[in-house]
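Student: I'd like to go through this one and check what the labels rest on. Can we start with the terms?

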Amino acid sequence: MARNPDESTPDLDADLAALRHDVAQLAASVSALVSHQTQAAGDRLAGSADRVADQVKQAGGQIEACVTRNPLTAALVAFGVGLTLGVFSRGRG
């Protein structure tokens with residue numbers, strides 16, 4: 001038997017209210033998840049940047065120690081690099 005349209009209106013209103021509530025909870029959950037993932041990605045990036053900085057400092061220390069042990073070789077390498085850059089930057093004129 002068909003229901004009276006007036007009787008179904010309160011049911012529809014209750015269903016719509018429940019749907020609104022569910023959508024609001026879903027939006028809050030998605031927002032919290034995105035916030036958490038963004039924070040985690042930022043933490044990983046900061047950790048990576050710290051590791052890279054440490055590796056650069058370590059490499060710089062190794063280069064400095066090598067130059068201290070072999071000053072003549074370091075001077076000749078610097079001269080060669082400078083000469084090469086000078087030749088390439090002069091152009092074909």
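Tutor: Sure. The expected span of a helix is 1.5 Å times one less than its number of residues, and helices are DSSP runs of H or I, at least four residues, numbered from the N terminus. This is a predicted model, where local features need pLDDT of at least 70, side-chain atom pairs count only at pLDDT 80 or more, and totals for chains, interfaces and linings use all residues. Residues are numbered from 1 along each chain as its sequence is written, and side-chain values use heavy atoms, with hydrogens and water left out.

Student: What span does helix α2 reach, and what is expected?

Tutor: Helix α2 (residues 71-90) has 20 residues and reaches 28 Å from first C-alpha to last, close to the expected 28 Å. Just after α2, Gly-91 has a positive phi of about 85°.

Student: Why is Leu-16 called partly exposed?

Tutor: Buried means under 20% relative accessible area and exposed over 50%, with partly exposed in between (1.4 Å probe, protein chains only). Leu-16 has 36%, so partly exposed fits. Leu-16 lies in helix α1 (residues 5-69).

How values were computed: Helix = DSSP H or I, 4+ residues; strand = E, 2+ residues; numbered from the N terminus.
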